[in-house]
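User: Please take a close look at the strand in the middle of this model and at the nonpolar packing around it. I would like one connected account.

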Amino acid sequence: MAHILLADDDEAARYTISYMLMAEGHEVVEAGNGTQALRTAAEHTFDLAIIDILMPEKDGLEVIMELKKRRQDTPILAISGGGRAQFADLARMSTMLGAKDFLTKPFDVDAIKEKLAALLPSNPASS
């Protein structure tokens with residue numbers, strides 16, 4: 001079981017992703033915007049952060065930069081529902097800033113499982 005921070009301003013998307021993660025046995029802490037994500041990350045340690053790129057208050061790119069300053073070892077999966085042309089740019093920018101990988105929404109259970117297997121440490125904390 002991994003302890004995962006999930007930041008996405010879309011409540012329906014956040015619920016769906018959280019449900020998928022919990023069904024796999026992970027503990028999920030949700031944030032509805034970038035400011036909440038950074039506040040939560042300051043209070044807890046996570047095995048993985050899943051950060052939506054397009055959010056209010058602080059966008060995902062700002063959150064990724066700040067998380068990498070605070071805890072360089074926490075892997076970050078950037079996600080976005082941006083259009084096809086935007087996908088390549090967002091993926092490139094997020095990985096340049098410290099995200100380990102990028103996934104476009106909507107995605108299915110198999111896609112998230114594959115990313116989790118690649119990004120999570122072999123023995124994630126159970127806190």
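Analyst:

**Strand β3 and its surroundings**

Within β3, I50 has L6 as the residue standing opposite. This is a predicted model, in which local features need pLDDT of at least 70 and side-chain atom pairs count only at pLDDT 80 or more, while totals for chains, interfaces and linings use all residues. Residues are numbered from 1 along each chain as its sequence is written, and side-chain values use heavy atoms, with hydrogens and water left out.

Strands (DSSP runs of E, at least two residues) and helices (H or I, at least four) are numbered from the N terminus. β1 and β3 run parallel and are joined by four bridges; two strands pair if DSSP finds at least two bridges between them. β3 is likewise parallel to β4, again through four bridges, and there I51 has A78 as its bridge partner.

Five of the five residues of β3 are buried (under 20% relative accessible area, 1.4 Å probe, protein chains only), so the strand is largely enclosed by the rest of the structure. L48, I50 and D52 point one way, whereas A49 and I51 point the other way.

The largest nonpolar core, a set of buried Ala, Val, Leu, Ile, Met, Phe, Trp, Tyr and Cys residues joined through side-chain atoms within 4.5 Å, has 21 residues, and L5, I51, I53, V63, I64, L67 and I76 touch the most other members. Among the elements that give two or more residues to this core are β1 (3–7), β3 (48–52) and α3 (60–70), and α3 gives the most, with four residues. Apart from this core lies another, of 18 residues, including I50 and L119.

Methods:
Buried < 20%, exposed > 50% of the residue type's maximum accessible area, 1.4 Å probe, protein only.
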